[in-house]
Amino acid sequence: MVWTGYAACGLARWQFMDPRDPGRPRRRVSYLLAPIVLHGLFNWCSTLQRCEAYEETYKGQLYKSDGCYLPPLWRQVFRGGHMAVTLVSFYLWHAEFTEVTHDEGDDHAAAPARAGSA
């Protein structure tokens, strides 16, 4: 959802901003690369930190595996990478969404309310 929201904010900027506005993206697809890369990294880190135990009997012999793709230290590294990708993704979405929904008039209307409550 985060990656879709980030891409949607970029598309909204392209769609609704004046073509002469310097804040408008040059191309419609300019906001698609980051979500695609981040989603891929998220899935990659998620898969490599996982263990799925596996058992099979073949020709009367039992084969067992812990099902881990990597040793414990590397699983921890990818767990950290998974968390970092998640946090960066949420940050990008939040920053983009805040910028798209930001209205100059809201700041001026909120300033007297804050001053009066103090």
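## Rings and a sulfur bridge

Let's start with a cysteine: Cys45 has a relative accessibility of 6%, so it counts as buried, the cut-off being under 20%. Keep in mind that this is a predicted model. Its mean pLDDT is 82, and 85% of the residues reach 70 or more.

**The disulfide**

How many disulfides are there? The count comes to one. Cys51 and Cys68 are the partners, with an S to S distance of 1.9 Å. The bond between Cys51 and Cys68 is right-handed, with 110 degrees about S-S. In chemical terms, a disulfide is a covalent bond between the sulfur atoms of two cysteines.

Where do Cys51 and Cys68 lie? Cys51 is in the loop between α2 and β1 (54-58), while Cys68 is in the loop between β2 (61-65) and α3, so the pair ties together parts that are 17 residues apart in sequence. As for accessibility, Cys51 comes in at 35%, which makes this residue partly exposed. Cys68 has a relative accessible area of 23% and is partly exposed too.

**The aromatic pairs**

On to the rings, where the count comes to two aromatic pairs. Here they are side by side:

| Pair | Centre to centre | Angle between planes | Geometry |
|---|---|---|---|
| Tyr6 and Tyr31 | 5.4 Å | 50 degrees | tilted |
| Trp44 and Phe78 | 5.0 Å | 90 degrees | edge-to-face |

Why is Tyr6 with Tyr31 called tilted? The planes of these two rings sit at 50 degrees, and the tilted class takes what is neither under 30 degrees (stacked) nor over 60 (edge-to-face). Tyr6 belongs to helix α1 (residues 2-16) and Tyr31 to the loop between α1 and α2 (33-48), so this contact ties together parts that are 25 residues apart in sequence. Both tyrosines, Tyr6 and Tyr31, are buried.

The other pair, Trp44 with Phe78, has its planes at 90 degrees and is edge-to-face. Trp44 sits in helix α2 and Phe78 in helix α3 (residues 72-101), which links distant parts of the chain, 34 residues apart. Are Trp44 and Phe78 buried or exposed? Trp44 is partly exposed, at 48% relative accessibility, whereas Phe78, with a relative accessible area of 12%, is buried.

**Where to trust the model**

Which element has the highest confidence, and which the lowest? Helix α2 is highest, at a mean of 90, and helix α4 (residues 104-117) is lowest, at a mean of 51. Where pLDDT is low, the predicted coordinates should not be read in detail.

Notes:
Residues numbered from 1 in each chain as written. Predicted model: local features only at pLDDT ≥ 70, side-chain atom pairs only at ≥ 80, totals over all residues. Heavy atoms only, no water. Phe/Tyr/Trp six-rings, centres within 6.5 Å; stacked < 30°, edge-to-face > 60°. Helix = DSSP H or I, 4+ residues; strand = E, 2+ residues; numbered from the N terminus. Buried < 20%, exposed > 50% of the residue type's maximum accessible area, 1.4 Å probe, protein only. Disulfide = S-S within 2.5 Å. pLDDT = per-residue confidence, 0-100.
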